[in-house]
Structures are given as structure tokens and as C-alpha cells.
Amino acid sequence: MNIRDYAALSHNRADWTEAFSAAISDLRRQGGGVLTVPPGDYLTAPIQLCGHMTFDIQSGATIRFLRDEAAFPKIPLEFEGIPKILPQPCIYAEDEEEIVITGGGTIDGQGGYWWRFIRKGDAKHIRPYLVCFNRCRHITLENVTLTNSPCWTVHPLRCQDVVIRGLRINNPADSPNTDGIDPNACQDVRIHDCTIDVGDDCIAIKSGTEDTPDRQPCERIIISNCHLLHGHGGVVLGSEMSGGIRNVLVSNCIFYETDRGVRLKTRRGRGGVVEGLRLTNLIMERVMCPFVFNMYYFCGERGNEKRVWDKAPYPVDESTPALRDVSITGVLARGCTACAGFFYGLSEMPVERVIMRDVLVEMEKDGKADCPAMMDGCPKMQGAGLFLRNARDVDLRGVKVVHVRGEELDVDESVTLIS
């Protein structure tokens with residue numbers, strides 16, 4: 001069916017909310033099908049998809065969402081792993097399967113309406129995601145442009161078998177919390193051939209916090225052939241990782257002017273294990289720091305508690321996070337400014353078993369000094385080499401850092417290297 005078949009419900013084509021609702025209700029009754037959106041502009045309130053449907057947003061078509069908070073119903077959902085009442089995402093599906101969004105068109109969240117609340121410090125206006133699948137299976141999102149997201153752009157939550165390919169995600173560099181793709185507590189996710197240029201992390205893998213009632217792992221994640229531009233981090237793990245993150249492969253990607261390249265962030269209290277991370281065939285250019293593994297991350301709720309910043313060892317229990325089994329191979333990073341790599345494990349739970357092979361990092365000779373990690377006491381660095389604390393069984397025999405100021409490798413007695 002074609003959305004133009006429902007044009008009589010579009011209020012003289014000024015508001016397509018009723019048209020989309022009626023069309024998708026008809027699809028649901030018939031057990032699924034294809035809804036085609038031909039070239040044109042379509043202003044609407046949030047759209048809820050049904051199972052077994054293809055949402056074909058054709059090239060030249062733009063779906064824009066109303067700049068009106070009252071148009072977004074409030075629903076129970078999670079934000080940063082915490083159950084809350086949130087505005088319904090612009091495009092949303094819950095407990096569905098076999099959904100495809102495709103076609104070459106554009107989805108515009110008109111996020112400027114929502115960003116202004118954050119910029120004015122008005123936290124009571126919680127923003128919607130642009131595209132969210134909640135507890136869904138067999139999802140494909142491909143070949144569309146996503147822009148001006150109010151908050152996170154693509155958010156699969158507790159989903160299985162998700163394919164995300166060929167997306168163009170564009171959010172302004174100063175747009176708050178407009179992450180590109182954030183799978184949370186998902187299994188079997190493939191993200192490839194995407195170009196992501198956003199105001200926060202390009203891709204962030206998450207698995208809930210200590211406050212998440214039903215923590216589940218995020219695992220079997222493949223990220224390949226992507227261009228990651230200007231975000232705070234290119235590929236990020238955490239800081240929500242209480243359910244664990246396992247078996248992640250990142251390959252054949254280019255990072256350009258992201259603050260950090262690959263970044264892990266967690267802290268005491270979160271618990272969870274990150275293991276089985278493979279990074280291979282990556283090019284980074286003009287990033288502040290190519291690799292940041294920080295287990296004293298202080299942002300977010302309770303981030304100022306003593307246990308978050310205290311460098312003394314604490315008892316190990318289920319609230320202690322862990323990072324182990326990381327392989328980094330075939331990386332060229334040029335024009336880096338702060339340091340070549342920052343690895344900081346917990347005093348009681350060091351980063352374990354890191355291997356780096358065929359890694360070349362070229363520091364910018366006059367690069368800007370900055371703090372590579374968001375942690376209490378992180379030193380400002382400029383043109384520094386590899387910095388490691390609380391790490392064991394680390395093999396750096398395949399790493400070369402050039403144009404470094406001072407030592408290529410900064411370690412202390414808390415680090416054990418394989419030589």
C-alpha cells in the first residue's frame with residue numbers, strides 16, 4: 001500500500017499522523033506487508049510500526065516529526081538502563097518481529113526543538129529517541145538518512161538479530177546526546193557500511209546499569225566498513241555494561257576527528273564483564289586518543305561517590321567490573337594529540353590480556369593538550385605515548401609510536417608486560 005492512499009486523513013497534507021496510523025493499522029490486520037512513502041514531505045507525530053512489515057521510505061521522501069511535545073505520548077521505556085516514562089520514539093516498535101525500514105529516504109527528528117531544553121538546563125523535558133526497537137526480533141534498518149535526532153538516533157533495546165546497514169546518520173556536532181547507534185542488551189547485531197557524524201558517541205554498545213531490573217548481556221556484535229566522524233567516541237563500550245558485553249568484532253572502519261577512537265568506560269558498582277573484543281584493520285585520523293579503557297569513569301548518576309574515584313583497592317564482588325581478552329591488530333592512527341593510548345584498570349581488577357600487533361600511532365607534533373579519559377585525576381597530556389595503570393599480561397610488542405613527547409611507554413609497578 002501507499003501512504004498517498006490515505007491522503008484524505010492528512011489534513012490537506014499538513015499533518016500525516018492519522019494517515020500513518022490508519023495505514024499501519026490496516027497492515028496489522030492483514031498480517032503485514034509493505035507501506036511505501038513516495039517522494040515528498042510528511043509531517044507527523046510518532047509512528048508505531050507493526051510486525052512483518054516493510055517501511056519503504058523512497059528516495060526523495062522526508063518524514064519530519066512534529067515540534068510539539070504534546071504530540072509524543074508518554075510510554076514506559078528505559079533510558080541509560082533505568083526504567084522511566086519517556087516520550088514515544090519518533091519511529092517505534094515493541095515486541096514485534098520481521099520489520100524492515102528501507103528505501104533511500106530521510107527521517108528528520110527536528111531535534112532543535114528538543115535540544116533547546118537541554119541547553120537551557122531544563123531537565124524535566126526528556127527527549128525521544130529517533131528510531132527504537134524494544135524487545136524485537138529479526139530487524140533490518142538500511143539505506144536511509146537519519147538526521148536531527150532529538151536524542152539517541154538508533155536504539156535497539158533487548159533485541160535479537162538486528163541488521164543495520166548503509167545508514168547515513170547526521171546530527172550537528174553540538175547536539176546533546178545524539179549518539180548514532182546504541183544497541184543495549186542485544187544479541188546478534190551487525191552494523192556495517194554506515195556513515196555516522198554526530199554530537200556524541202558514534203556507536204555505543206551497552207547492557208544496562210546496576211539499577212536495571214533485568215540485566216542482559218550485549219553480545220555477538222559485528223561492526224565493519226563504517227565511517228565514524230566527529231563524535232566523542234568512534235566505537236564505545238559502556239558506560240552501561242552491568243549485564244556484560246561479549247564477543248565484539250570491529251573491523252575495516254575509518255575514524256576521523258572523533259575525540260577518542262575505541263573507548264571503554266565503566267566504574268565500581270556497575271559490575272559486568274567485557275571480554276572478547278577484537279579490533280582489526282582500522283584507520284584513525286586526527287583523534288585525541290585512539291584507545292581509552294577507563295574503569296574510573298565519573299559521569300552520570302552517583303559518579304562523584306568515593307568508590308568511583310578512589311584508587312585504593314576495594315573488595316571484589318559482583319559489583320566489580322572486569323575487562324579482559326582484547327586484541328588490537330592492524331591499526332594506523334595519524335595526527336593524534338593527547339596520547340597514543342590510555343589503559344587504566346581498577347586497583348583490585350586490572351585490565352587483563354591485551355594484545356596489540358601491527359599498530360602504528362603518529363602523534364601530532366603540536367597537538368592540543370587534553371585529558372584522554374573522564375576520570376578524577378586524569379592528567380592533561382600532549383603528544384604522550386602509551387599510558388598504562390593496573391594492567392597485567394599486556395603484550396605491546398607490535399606497537400610503534402612516533403613523534404612522541406617523552407617516553408613511548410609510561411607504566412608503573414601495577415603493570416605486567418609480556419616481553
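This is a short talk on a predicted model, covering its largest pocket, its salt bridges and a few local features.

Hello everyone, and thanks for coming. Let's begin with the pocket. As a general idea, rolling a probe the size of a water molecule over the atoms shows where empty space is left. Here, the largest pocket has a volume of about 740 Å³. Its lining counts 36 residues, and those closest to the centre are Phe79, Glu80, Trp152, Asn177 and Gly300.

What kinds of residues make up this lining: nonpolar, polar or charged? There are 18 charged residues, along with eleven nonpolar and seven polar ones. As for where they come from, at least two lining residues are supplied by each of strand S7 (82-87), helix H2 (112-119) and strand S24 (260-265). S24 gives the largest share, with three residues.

Let's stay with Asn177 for a moment, one of the residues closest to the pocket centre. You will find Asn177 in the loop between strand S16 (168-170) and strand S17 (187-192). The phi angle of Asn177 is positive, about 60°, although this residue is not a glycine. With a relative accessible area of 30%, Asn177 is partly exposed, because partly exposed covers the range between 20% and 50%.

Another asparagine to look at is Asn12, in the segment before helix H1 (17-29). Asn12 is not a glycine, yet it has a positive phi of about 60°. Is Asn12 buried or exposed? Asn12 is exposed, with a relative accessible area of 76%.

Back to helix H2, which we met at the pocket lining. Within H2, the residues Tyr113, Trp114, Trp115 and Phe117 are buried. After H2 comes Gly121, and its phi is positive, near 75°.

Now to the charged pairs. Side chains of opposite charge can pair when their charged atoms come close. How many salt bridges does the count come to? The count comes to 33. I'll walk you through three of them.

Please find Arg64 and Asp41, whose side chains meet in a salt bridge with an N to O distance of 2.6 Å. Arg64 sits in strand S5 (residues 61-65) and Asp41 in strand S2 (residues 40-44), so this pair ties together parts that are 23 residues apart in sequence. Arg64 is partly exposed at 26% relative accessibility, and Asp41 is partly exposed at 46%.

Next come Glu210 and Arg302, with side chains that meet in a salt bridge at 3.0 Å, N to O. This pair links distant parts of the chain, 92 residues apart: Glu210 is in the loop between strand S19 (203-205) and strand S20 (218-224), and Arg302 is in the loop between strand S26 (289-294) and helix H3 (306-309). Arg302 is partly exposed, at 27% relative accessible area. These two residues also belong to a network of salt bridges, in which they are linked with Asp211, Arg270, Glu305 and Arg307.

For the third pair, look at Asp325 and Arg353, where the closest N and O atoms of the salt bridge are 2.5 Å apart. Asp325 lies in strand S27 (residues 322-336) and Arg353 in strand S29 (residues 351-363), so to speak two distant parts of the chain, 28 residues apart, linked by the pair. Both count as partly exposed: Asp325 has 25% relative accessibility, and Arg353 has 35%.

A little further on, after S29, look for Ala369, in the loop between S29 and strand S30 (384-389). Ala369 is partly exposed, with a relative accessible area of 27%. Which residue lies twelve residues from Ala369 along the chain, with its C-alpha atom 5.2 Å away? That residue is Met381.

Now for a detail of the backbone. Gly238 and Ser239 are joined by a cis peptide bond, with omega about 0°. Ser239 is in the loop between strand S22 (233-238) and strand S23 (245-256).

Let me finish at the surface. Leu409, Val411 and Leu417 make a nonpolar surface patch of about 200 Å². Val411 itself is in the loop between strand S33 (409-410) and strand S34 (415-417). At 33% relative accessibility, Val411 counts as partly exposed.

Thanks for listening, and please ask away.

Notes. Residues numbered from 1 in each chain as written. Predicted model: local features only at pLDDT ≥ 70, side-chain atom pairs only at ≥ 80, totals over all residues. Heavy atoms only, no water. Patch = residues over 30% accessible without salt bridge, like charges linked within 9 Å, V, L, I, M, F, W, Y side chains within 5 Å. Areas by Shrake-Rupley, 256 points an atom, 1.4 Å probe, with all protein chains shown as cover. Salt bridge = Lys/Arg side-chain N within 4 Å of Asp/Glu carboxyl O. Helix = DSSP H or I, 4+ residues; strand = E, 2+ residues; numbered from the N terminus. Buried < 20%, exposed > 50% of the residue type's maximum accessible area, 1.4 Å probe, protein only. 1 Å grid on protein atoms, 1.4 Å probe; cavity = no way out; pocket = protein on both sides within 12 Å on 5 of 7 lines; lining within 4 Å. Points joined across faces, edges and corners; volume = space filled by probe spheres on them. Nonpolar A, V, L, I, M, F, W, Y, C, P; charged D, E, K, R; others polar.
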